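Reader: Let's zoom in on a single part of this one. Pick a spot and walk me through what the atoms say there, and please spell out your cut-offs as you go.

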Amino acid sequence: MATIEECRSALDKLSDSMQRAEGDVREAAALDRSVSCHITDLDVTFVGRMRGGRIEVRDTVPGPPPDKAGIRLAMTGDDLVALVDGELNFATAWGSGRVKLHAGLRDLLRLRRLL
């Protein structure tokens, strides 16, 4: 089972990848939205903001997200690490319910290019 530190590191790695993206992926990463990522097996939530092509994690809180973020993710720590490392396909994980993504319709369409 992934630790909180490994999950935070995976989010930092994802943020770095988004920063280096080009073309349509960079455009999708340029959203300015509040973000939460609930790690279900650890029962912690990383909260922050997606801005300027990066994910800025501002806090780690126990339990589910305290507020409704514009973009909300939920998954196990192992799945987060596997997604960021390229070992788990996002579409497959989302389709099977291993990863949950909630956002407005416009944001979902833009994020589709990113994920």
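Author: Let's go with Cys7 and the helix around it. There are zero disulfides in the structure, a disulfide being a pair of cysteine sulfur atoms within 2.5 Å. Before going on: this is a predicted model, where local features need pLDDT of at least 70 and side-chain atom pairs count only at pLDDT 80 or more, while totals for chains, interfaces and linings use all residues. Residues are numbered from 1 along each chain as its sequence is written, and side-chain values use heavy atoms, leaving out hydrogens and water.

Back to Cys7: the nearest cysteine sulfur belongs to Cys37 and sits 7.5 Å away, which is too far for a bond. Cys7 counts as buried because its relative accessibility is 0%, and Cys37 does too, at 2%. Buried here means under 20% relative accessible area, exposed means over 50%, and partly exposed lies in between (1.4 Å probe, protein chains only).

Cys7 has company in helix H1: Ala10, Leu11, Ser15 and Met18 are buried as well. These buried residues cover an arc of only 140 degrees around the axis, so they sit on the same side of H1; the arc is taken from the directions from the helix axis to the C-beta atoms. Turn to the face away from that buried side and you meet the exposed residues Glu5 and Arg20.

As for H1 itself, helices are DSSP runs of H or I, at least four residues long, numbered from the N terminus. H1 has 17 residues (4-20) and should span 24 Å, which agrees with the 25 Å between its end C-alpha atoms. That expected span is 1.5 Å times one less than the number of residues.

Methods: Helices (H or I, at least four residues) and strands (E, at least two) are DSSP runs, numbered from the N terminus.
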